[in-house]
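Hello,

Here is the structure I promised to pass on to you. Have a look at it first, and then read on for my notes.

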Amino acid sequence: MDIKLTNGKKTIIRSKIQYEANVKHFEMRGFVPFDEVKKEIKKATVKDISDKVVQLKPKKKKAKKK
């Protein structure tokens, strides 16, 4: 039986026997079983977005050379 492992970016498939033999190795590399990873989906509101907007400063005018 195969087991899916993920570290967030990459997903790999290994046999259950190989995973159980090398659990510490996979944990050290950041891989956990795919079923244990639950992503929370948070909906952005207008207030959250407006709090993160940075106001831009006007550009300084340079003096013209004559």
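The hairpin of β1 and β2 has four residues between its strands, and Gly8 takes a positive phi near 105° there. Please keep in mind that this is a predicted model.

The two strands on either side of that turn are β1, covering residues 2-6, and β2, covering residues 11-15. They pair in the antiparallel sense, over five bridges. If you would like to trace the pairing by eye, start with Thr6, which stands opposite Thr11 in β2. Further along, Ile3 stands opposite Arg14 in β2, and the bridge partner of Asp2 in β2 is Ser15.

Strand β1 has a second partner as well. Two bridges join β1 to strand β3, which is made of residues 32-33, and these two strands also run antiparallel. Here you can look for Leu5, which stands opposite Pro33 in β3.

Put together, the three strands form an open sheet in the order β2-β1-β3, with antiparallel pairing. Strands β2 and β3 stand at the edges with a single partner strand each, so one side of each is left without a neighbour in the sheet.

One residue I would pick out for you is Ile3, which is found in strand β1. Is Ile3 buried or exposed? Its relative accessibility is 13%, so Ile3 counts as buried, the cut-off being under 20%. What does Ile3 touch, leaving aside its neighbours within four places in sequence? Its contacts are Ile12, Ile13, Arg14, Ser15, Lys16, Tyr19 and Pro33. You may also like to check the spacing between Ile3 and Gln18: they are 15 residues apart along the chain, and their C-alpha atoms are separated by 9.5 Å.

Now for the chain as a whole. The protein chain has three helices and three strands, and read along the sequence they follow the pattern β-β-α-α-β-α.

The overall dimensions deserve a look too. A compact globule of 66 residues would have a radius of gyration near 11 Å, but this protein chain has 25 Å. Its C-alpha atoms fill a box of roughly 80 × 35 × 15 Å, taken along the principal axes. Buried residues make up 12% of the 66 residues. As for contacts between residues at least 6 apart in sequence, 31% of them join residues at least 24 apart.

Finally, a word on surface and charge. The accessible surface of the protein chain comes to about 7200 Å², and carbon and sulfur atoms account for 56% of that. How many positive and negative side chains does the protein chain have? There are 21 positive and 8 negative ones, and the centres of the two sets lie 22 Å apart.

Happy to go through any of this with you whenever it suits.

Best wishes

Technical notes: Residues numbered from 1 in each chain as written. Predicted model: local features only at pLDDT ≥ 70, side-chain atom pairs only at ≥ 80, totals over all residues. Heavy atoms only, no water. Pairing = 2+ DSSP bridges. Rg over C-alpha atoms; globule rule 2.2 N^0.38 Å. Buried < 20%, exposed > 50% of the residue type's maximum accessible area, 1.4 Å probe, protein only. Contact = heavy atoms within 4.5 Å. Areas by Shrake-Rupley, 256 points an atom, 1.4 Å probe, with all protein chains shown as cover. Lys, Arg positive; Asp, Glu negative; His and termini not counted. Charge placed at Lys NZ, Arg CZ, Asp CG, Glu CD.
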